[in-house]
Amino acid sequence: MDLYLRLKSAGKDKTFVRGAHRNVGYVIKVLGDHPLSSYSTVDAAKFRDWLIDQGMAKDTIKRVFGSIRSIINLAIKEQGLGCSNAFSGTFMPEGLPVNQRQPIPLSDIYKIQEKCRNQDDELRWIIALLSDTGMRLGEAIGLLRSDIVIDGDNSYIDLKPHPWRRLKTPGSKRQIPLVGSSLWAAKRVLKQSPDTPFAIPKYCSDEGHKTNSASAALNKWLRNHAPEGCV
């Protein structure tokens, strides 16, 4: 665990660290704290069944397994261990509950955009930016002020990779027109004192972006303003 966090946590927020500790804690609770070579595929299946018994949805279980696999794979490579990763290829049964998030209806999006204008702060600017651009949260969080171009009807975001925030695919590099609430939010971002080159300095710096923290804060607010099951 210490090796994984030392090599992988740079630029990540506290949520990443807490998640890694939580998932390893699950393994120790269910299977015990043993050398990696001691865990078997039978143990991995037992761990999967325990997660199911906790009522976790299929995508949540996959995320837990993904985290555990990454931690073990790194340890095997870095420490030259001769064992295999028992948590790789664990079968996931059909019929497990799935988190089915519904889209926010357009009428509610308009209401949320209006609330963003009324509250008018950094978190609400992020929501407004996302609502009319289709950007991923991490893309918006990692913007520089210079990535935002305000030029009348030709205003846009010049989305490109940065050292602190990569893009998901090469095709993700693009220019995104700014209209409606996203244009309002972009102007509000640029109107703030330019003490930093970052558009959203609360959640981004040279050290990395805090997308998980921003997501938690935004979802907490949105749950009070979007229909149930949408957030």
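How far apart do the C-alpha centres of domain 1 and domain 2 lie? I looked this up before anything else, and the C-alpha centres of the two domains lie 32 Å apart. I note here that I am working with a predicted model.

**Entry: the whole chain**

I counted elements and found nine helices and five strands in the protein. Reading from the N terminus on, I wrote the order down as α-α-α-α-α-α-α-β-β-β-α-β-β-α. The C-alpha trace spans about 65 × 40 × 30 Å along its principal axes. Of the 231 residues, 42% count as buried. I also looked at contacts between residues at least 6 apart in sequence, and 63% of these join residues at least 24 apart.

**Entry: the two domains**

I took down the bounds: domain 1 covers 1–79, and domain 2 covers 106–223. Five residues from domain 1 and seven residues from domain 2 take part in the contact.

How much area is buried between domain 1 and domain 2? I have about 360 Å² for this area, with carbon and sulfur atoms giving 41% of it. On the side of domain 1 that touches domain 2, I sorted the residues by class: two are nonpolar, two polar and one charged.

I then searched the interface of domain 1 and domain 2 for salt bridges, and the rule finds zero. For residue pairs in polar contact between the domains, with both residues at pLDDT 80 or more, the count is also zero.

**Entry: G19**

I found G19 in helix α2, which takes in residues 14–31. Is G19 buried or exposed? G19 has 9% relative accessibility; the cut-off for buried is under 20%, so G19 counts as buried. I compared its position with that of P35: the two residues are 16 apart in sequence, and their C-alpha atoms are 21 Å apart in space.

**Entry: R124**

R124 lies in helix α6, residues 122–131. Its relative accessible area is 6%, so I have R124 down as buried. Which side chain does the side chain of R124 meet in a polar contact? The partner is the side chain of D121, at 2.7 Å. Leaving aside neighbours within four places in sequence, I listed K115, C116, Q119 and W221 as residues in contact with R124.

**Entry: E139**

I placed E139 in helix α7, residues 137–141. Why does E139 count as buried? The reason is its relative accessibility of 4%, since buried means under 20%. The side chain of E139 makes a polar contact with the side chain of R174, at 3.1 Å. Not counting residues up to four places away in sequence, E139 touches L159, R165, L167, S172 and R174.

**Entry: salt bridges**

How many salt bridges does a search of the whole structure find? The search finds seven. I went through some of them.

One is between D49 and R48, with the closest N and O atoms 3.0 Å apart. D49 is partly exposed, with a relative accessible area of 35%, whereas R48 counts as buried at 12% relative accessibility.

Another is between D147 and K160, and here the closest N and O atoms are 2.8 Å apart. I checked where the two residues sit, and the pair links distant parts of the chain. D147 is in the loop between α7 and β1 (148–149), K160 is in the loop between β2 (156–159) and β3 (174–177), and the two are 13 residues apart. D147 counts as buried at 0% relative accessibility, whereas K160 counts as partly exposed at 25%.

Which residue does D158 meet in a salt bridge? Its side chain meets that of K160, at 3.2 Å from N to O. I have K160, then, in a salt bridge with D147 and in one with D158. D158 is partly exposed, with a relative accessible area of 23%.

My last lookup was a network: salt bridges that share partners join R136, E139 and R174. Two of these names were already in my notes, as E139 and R174 make the polar contact at 3.1 Å.

Methods. Residues are numbered from 1 along each chain as its sequence is written. This is a predicted model: local features need pLDDT of at least 70, side-chain atom pairs count only at pLDDT 80 or more; totals for chains, interfaces and linings use all residues. Side-chain values use heavy atoms; hydrogens and water are left out. Helices (H or I, at least four residues) and strands (E, at least two) are DSSP runs, numbered from the N terminus. Buried means under 20% relative accessible area, exposed over 50%, partly exposed in between (1.4 Å probe, protein chains only). A polar contact is a pair of N or O atoms within 3.5 Å; within protein, one must be able to donate a hydrogen and the other to accept it, and residues adjacent in sequence count only if both atoms are side-chain atoms. Contact means heavy atoms within 4.5 Å. Domain bounds come from an automatic or database domain assignment. Buried area is the accessible area (1.4 Å probe) that two parts lose on being put together, summed over both. A salt bridge is a side-chain nitrogen of Lys or Arg within 4 Å of a carboxyl oxygen of Asp or Glu. Ala, Val, Leu, Ile, Met, Phe, Trp, Tyr, Cys and Pro count as nonpolar, Asp, Glu, Lys and Arg as charged, and the others, Gly among them, as polar.
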